[in-house]
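Morning, everyone. I'd like to walk you through one model today, so have a look at the sequence and the structure while I get going.

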Amino acid sequence: MHMHHPRLALLAAAAATLLSACGGGTPETQAPPSAAMPAQRSAAALAQQGLTAKDYEPLIQSMYLAYFGRPAEFLGLPYWTQKFAERGLPSTVDGMLAAYEGNAEVRAMMDQFANSEESQSLYVGNNRAFINAVYLNIFNRNAESAGLAHWAAKIDQGQMSRGRAVLTILQGAQGGDLAMAALKLRFAAQFTASLDVTAEILAYTGDNMNEAARTLLSTLTANADPAAFQAMIDDFLARMTQVPGPFPLVSRYLGYQYQADPRAGPAYSARYIIEQYGVLLAPERRGTLVFGEAPEQVSWTRSAGNAPVYGAPMTSSVGIPASYFLPTLTMLCRPPAGKPGAAAVATDIVVSRLASQAAQADLMKAGLSVYREHCKAAQPRTALADVLKQDRLQGYSYQVADGSRRYLLVVQAAPGVLGLWSQE
């Protein structure tokens, strides 16, 4: 069990290091545009409402859960509670929702979470994928089809922002969803309070550790014993500070789905999880690929010098470049849903976020000579010259070992058919 030390002594020692290190993953170091506020307004607003910064902690933890699916950091929590308190903003989800339309600062605070680097890495422009992720983050379940269509349509049509949708979903939770949201909020608060030594405070940052915390929260069930929370948290924190770390590594990807037109942009955010506990030189690597609007998982293994091999239901795949530890692009193929004996189709293509968007002029000069459908070389349905005349092409470039750049182009060859142009 952890010994609980005074926070103030630790804060002075860790603040400068952690605030500079955390900027890549979370919003706590990205000051809102109206950060400078007269102290008189802050004091008057808090006095009038009888609030302190600590009264905002449940709200801030709820925002972290909804947007990021994990507990707040040791320094992130007081950063945000202070910002909300300085502005005299509502301290509850109900209050934030009631004030959302008429209060620009409420909207600005919500935008800070939505526009953070962590949000940008977790979500894409597809609002169905975003809403489903919020349901998973708060309720540990996928959104039902009717609710998914309802919320996504409102955002797509400009009737509601993502920030207001998050508040409305939180405010409207009932029954089992309300119980799960309360359970996760309690766990998150206990987790952040347990970050009580400098090593833990400094370790809880970055994509890999954030992903591990999300995974921990995703294991909670309706019958979870709150009395056992501290044991779970203590075990996690003890492993978190080990060197090399025991948690899997994460590599972020963008996903395209065969039922959607790639020209509209990625359909979801995907990730490779490398279950090698920080040891990248192991002779055999393994892990999972998480992909899809309603996330699926498929296992993969890779021996040295060989391309990743994916488990069921995938029957074939293409990785480009095949020589990379993790390919820049992966085309995944399996039989259509409900037709286990049918020929495999390319249901998904995932592209590393490290790849760069390619300009149309560069794609025209690249010499894209290899075309694939359903993980096989194929005769293109449309000549490349005609494809390249289209607007908003989803082309990417990546660097190879000799320092030169190569190019990829994801297309919808026909309704429900993904195609891939490449140089290899």
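Okay, let's start with the pocket. If you look along the chain, α8 (127-139), α13 (207-218), α14 (229-240), β1 (249-257), β2 (268-274), β3 (284-291) and β4 (296-303) each put at least two residues into the lining of the largest pocket. And keep in mind as we go that this is a predicted model.

Which of those elements gives the most? That's α13, with 7 residues of the lining. The volume of this largest pocket comes out at about 870 Å³. There are 41 residues lining it, and the ones closest to the centre are Glu211, Arg214, Thr215, Arg271 and Val290. As for the chemistry, the lining splits into 19 nonpolar, 13 polar and 9 charged residues.

Let me step back to the whole chain for a second. We have 424 residues, and 50% of them count as buried. In secondary structure, that's 16 helices and 14 strands. Take the contacts with a separation of 6 or more, and 65% of them are between residues 24 or more positions apart. The accessible surface is about 18700 Å², and carbon and sulfur atoms account for 56% of that.

Next, the disulfide. The count is 1, and the bond runs between Cys333 and Cys375, with an S to S distance of 2.1 Å. What does this pair link? Distant parts of the chain: Cys333 sits in strand β7 (residues 329-334), while Cys375 is in the loop between β10 (370-373) and β11 (376-377), 42 residues away. The link is right-handed, with 100 degrees about the S-S bond.

Are those two cysteines buried or exposed? Both are buried. For Cys375, the relative accessibility is 12%, and the cut-off for buried is under 20%, so Cys375 makes it. Cys375 also has a backbone point to flag: its phi is near 65 degrees, a positive value in a residue other than glycine.

That brings me to the backbone in general. Most residues other than glycine have a negative phi, and most peptide bonds are trans. Asn140 is another one with a positive phi, near 60 degrees. You'll find Asn140 in the loop between α8 and α9 (145-156), and it is partly exposed at 21% relative accessible area.

Then the cis peptide bonds. One goes from Ala312 to Pro313, with omega near 10 degrees, and Pro313 is in the loop between β5 (309-310) and β6 (316-320). Another joins Ile320 and Pro321, with omega about -10 degrees; Pro321 falls in the loop between β6 and β7.

Last stop, two residues from earlier in the chain. Pro90 is in the loop between α4 (76-86) and α5 (93-99). Why does Pro90 count as buried? Because its relative accessibility is 18%, and buried means under 20%. Setting aside neighbours within four places in sequence, Pro90 contacts several residues, including Tyr56, Leu59 and Phe84. Tyr56 is 34 residues away along the chain, and its C-alpha is 8.4 Å from that of Pro90.

Arg107, in helix α6 (residues 104-114), counts as partly exposed at 27% relative accessibility. Leaving out residues up to four places away, Arg107 touches Tyr100, Glu101 and Gly102. The C-alpha atoms of Arg107 and Arg164 are 8.3 Å apart, with their positions 57 residues apart along the chain.

That's my tour. Over to you.

How values were computed. Residues are numbered from 1 along each chain as its sequence is written. This is a predicted model: local features need pLDDT of at least 70, side-chain atom pairs count only at pLDDT 80 or more; totals for chains, interfaces and linings use all residues. Side-chain values use heavy atoms; hydrogens and water are left out. On a 1 Å grid over the protein atoms alone, a cavity is a set of points where a 1.4 Å probe fits but cannot get out, and a pocket is an open set with protein on both sides within 12 Å along at least five of seven lines; lining residues have an atom within 4 Å of a point. Grid points are joined across faces, edges and corners, and a volume is the space filled by probe spheres set on the points. Helices (H or I, at least four residues) and strands (E, at least two) are DSSP runs, numbered from the N terminus. Ala, Val, Leu, Ile, Met, Phe, Trp, Tyr, Cys and Pro count as nonpolar, Asp, Glu, Lys and Arg as charged, and the others, Gly among them, as polar. Buried means under 20% relative accessible area, exposed over 50%, partly exposed in between (1.4 Å probe, protein chains only). Contact means heavy atoms within 4.5 Å. Accessible areas come from the Shrake-Rupley method with a 1.4 Å probe; for residues, only the protein chains shown count as cover. A disulfide is a pair of cysteine sulfur atoms within 2.5 Å.
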